[in-house]
Amino acid sequence: MATVHTVNGSVDSGDLGRVLVHEHIFIVGEEYRQNYQDDWDEDAKVAEAVAALTELKQLGIDTILDPTVLGLGRYIPRIRRIAEQVGLNIVVATGLYTYNDIPFQFHYAGPGLLFDVPEPLVTLFTKDLTEGIADTGVRAAFLKCAIEEPGLTPGVERVMRAVGRTSAETGAPITVHTNPHTQSGLVAQKILAEEGADLTKVVIGHSGDSVDLDYLMQLADAGSILGMDRFGLDLLLPFENRVDTVAELCRRGYADRMALSHDASCFIDWFDHDAKVQTLPKWNYRHISEDVLPALRERGVSEDDITTMLVDVPRRYFE
């Protein structure tokens with residue numbers, strides 16, 4: 001067993017229960033919000049999140065991993081307010097989310113740059129994991145980076161190598177946002193391994209957007225966990241394809257290298273809220289419990305395999 005840091009304190013990895021490995025609570029650009037979102041009601045937004053997460057707990061989910069990091073609007077005081085009112089564990093991350101460049105705060109400081117200092121990203125990520133985030137007292141428990149359609153840009157590579165190095169030095173696991181249609185999960189595995197990261201402690205996020213079994217098995221055979229984590233985002237891949245892919249991989253013996261989730265949120269400022277709900281009515285925290293698990297059972301996925309994906313794989317991720 002291992003100790004896992006949650007927003008409300010430490011728990012044993014054996015007590016995480018059923019876990020959704022990739023759920024956001026808020027994705028909000030704070031600079032944009034403070035300058036332009038005149039209709040923002042903090043108390044109402046917190047109350048909505050508390051209601052949604054309480055409902056999720058009632059559906060049998062015990063823990064969510066929230067990979068909201070720098071670039072996605074991580075704001076721990078708001079998350080702590082919510083965590084204090086819900087009965088499930090919320091585990092937060094450190095890292096940096098970009099598809100191209102890194103923020104200007106890091107452009108000129110780092111090895112070989114204008115201000116030649118040790119990689120500041122590693123320093124900051126390590127502090128979040130070992131001491132806590134800002135002055136909140138909340139410690140991150142995993143790392144997050146991204147590689148999208150633009151590929152391994154200089155900024156993406158710098159972040160990914162910093163994440164890999166931090167993982168190697170601290171033992172913290174990693175989640176990577178990938179674009180499976182460009183097979184960027186393979187690139188992520190290569191870079192992270194070069195920095196000493198343990199690929200068995202890496203979730204290749206958004207693998208569930210693909211039906212390419214050869215690609216998915218290649219990732220899993222290298223030891224990583226397939227993030228089948230966008231259930232409800234049917235515009236990217238229809239529900240039936242997502243469920244069929246998971247069921248077939250279970251049939252082939254890969255249940256122990258898959259984890260389930262939605263990549264949903266209580267609020268995201270990337271889209272008009274009402275249009276998002278209308279266009280993607282199943283993109284919410286309830287979809288796996290209410291629709292996905294029954295569909296997997298109909299396709300012959302066993303209760304043991306479901307427990308493996310929801311309980312055993314996330315627990316092992318931290319151990």
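Two residues are in contact when heavy atoms lie within 4.5 Å of each other. This idea helps in reading the surroundings of helix H7 in this structure, which is a predicted model.

Helix H7 comprises residues 213-221, and its buried residues are Leu 213, Tyr 215, Leu 216, Met 217, Leu 219 and Ala 220. These buried residues pack against two helices, H6 and H8 (239-251), and against two strands, E9 (202-205) and E10 (225-228).

The two ends of H7 may be considered next. At the N-terminal end, Asp 212 acts as a cap, with a side-chain oxygen placed 3.2 Å from the backbone nitrogen of Asp 214. Just after the helix comes Gly 223, whose phi is positive, at about 110°.

Positive phi values also occur in residues other than glycine, and Gln 183 is one of them, with phi near 55°. Gln 183 belongs to the loop that joins strand E8 (174-178) to helix H6 (184-194). Helix H6 has already appeared here as one of the elements against which the buried residues of H7 pack. Gln 183 has a relative accessible area of 32% and is therefore partly exposed, since this class lies between the limits of 20% and 50%.

Asp 263 likewise has a positive phi, near 60°, and is a residue other than glycine. Its loop runs between strand E11 (258-260) and strand E12 (267-268). Is Asp 263 buried or exposed? Its relative accessible area is 9%, so Asp 263 is buried, the limit for that class being under 20%.

How values were computed: Residues numbered from 1 in each chain as written. Predicted model: local features only at pLDDT ≥ 70, side-chain atom pairs only at ≥ 80, totals over all residues. Heavy atoms only, no water. Helix = DSSP H or I, 4+ residues; strand = E, 2+ residues; numbered from the N terminus. Buried < 20%, exposed > 50% of the residue type's maximum accessible area, 1.4 Å probe, protein only. Polar contact = N/O pair within 3.5 Å; in protein donor to acceptor, adjacent residues only side chain to side chain.
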